[in-house]
Amino acid sequence: MDGRMEFCDRCGCPAALAETESTHHTSEGLVRYRRCGCGHRWVQVLAFAEAPGRLPLGSGRSGRSGG
Ligand SMILES: [Zn+2]
């Protein structure tokens, strides 16, 4: 798997197990506010390149050709 793993700074739990409090879109990418089960909170930044939900252009059915 690509990508770096992040861990809680306090208890060392994987960030994947932490709750996502909120997600914000910024010019650099996605900013996620994570909250670990131990109560520690931190900000996770996902660049657009690795941010989920990035769909290629021209996908899906759009546009209609009338004749
Ligand atoms: Zn923790």
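# Exercises on a three-stranded predicted model

The mean pLDDT of the chain is 80, with 69% of the residues at 70 or more. The structure is a predicted model.

**Exercise 1. Establish which secondary structure elements the chain holds, and in what order they run from the N terminus.**

Solution.
- Step 1. Count the elements: the chain has three strands and zero helices.
- Step 2. Read them from the N terminus: the succession is β-β-β.
- Step 3. Look at confidence by element. S1 has the highest value in the chain, at 94, while S3 has the lowest, with a mean of 88.

**Exercise 2. Work out the strand order of the sheet and state which strands lie at its edges.**

Solution.
- Step 1. Take S1 and S2. These strands run antiparallel and are joined by six bridges.
- Step 2. Take S2, which spans residues 29–35, and S3. This pairing is also antiparallel and extends over seven bridges.
- Step 3. Combine the pairings: the three strands make an open sheet in the order S1-S2-S3.
- Step 4. Identify the edges. Strand S1 (19–25) and strand S3 (41–47) each pair on one side only, and they are the edge strands.
- Step 5. Add the twist, which averages 25 degrees from one strand to the next.

**Exercise 3. Describe the two connections between the strands and give examples of bridge partners.**

Solution.
- Step 1. Between S1 and S2 there is a hairpin of three residues.
- Step 2. Between S2 and S3 there is a hairpin with five residues in between. In its turn, Gly39 has a positive phi of about 105 degrees.
- Step 3. For the S1 to S2 pairing, an example is His24, whose bridge partner in S2 is Val31.
- Step 4. For the pairing with S3, Tyr33 is opposite Val43, and Gly29 is opposite Ala47.

**Exercise 4. Determine how much of the chain is buried, and how far strand S1 is covered.**

Solution.
- Step 1. For the whole chain of 67 residues, buried residues make up 4%.
- Step 2. For S1, the count of buried residues among its seven residues is zero, and the strand is hardly covered.
- Step 3. For the contacts in the chain with a separation of 6 or more, 27% link residues 24 or more positions apart.

**Exercise 5. Place Glu6 in the chain and explain why it counts as partly exposed.**

Solution.
- Step 1. Glu6 belongs to the segment before S1.
- Step 2. Apply the neighbour count. A residue is exposed at 12 or fewer and buried at 20 or more. Glu6 has 13 C-beta neighbours inside 10 Å, and therefore counts as partly exposed.
- Step 3. List its contacts. Leaving aside residues up to four places away in sequence, Glu6 touches Ala15 and Gln44.
- Step 4. Compare sequence and space: Glu6 and Ala16 are ten residues apart in sequence, with a C-alpha to C-alpha distance of 7.8 Å.

**Exercise 6. Do the same for His40: where does it sit, and which residues does it touch?**

Solution.
- Step 1. His40 is in the loop between S2 and S3.
- Step 2. His40 counts as partly exposed because it has 14 C-beta neighbours inside 10 Å.
- Step 3. Leaving aside residues up to four places away in sequence, His40 touches Cys8, Asp9, Arg10 and Cys11.
- Step 4. His40 and Ala18 are separated by 22 residues in sequence and by 9.3 Å in space, C-alpha to C-alpha.

Terms used: Residues are numbered from 1 along each chain as its sequence is written. This is a predicted model: local features need pLDDT of at least 70, side-chain atom pairs count only at pLDDT 80 or more; totals for chains, interfaces and linings use all residues. Two strands pair if DSSP finds at least two bridges between them. Helices (H or I, at least four residues) and strands (E, at least two) are DSSP runs, numbered from the N terminus. Axes are lines fitted to C-alpha atoms, for helices over the stretch in contact, and angles run from 0 to 180 degrees between N-to-C directions. Two residues are in contact if their C-beta atoms, placed from the backbone, lie within 7 Å. pLDDT is the predictor's confidence in each residue, from 0 to 100.
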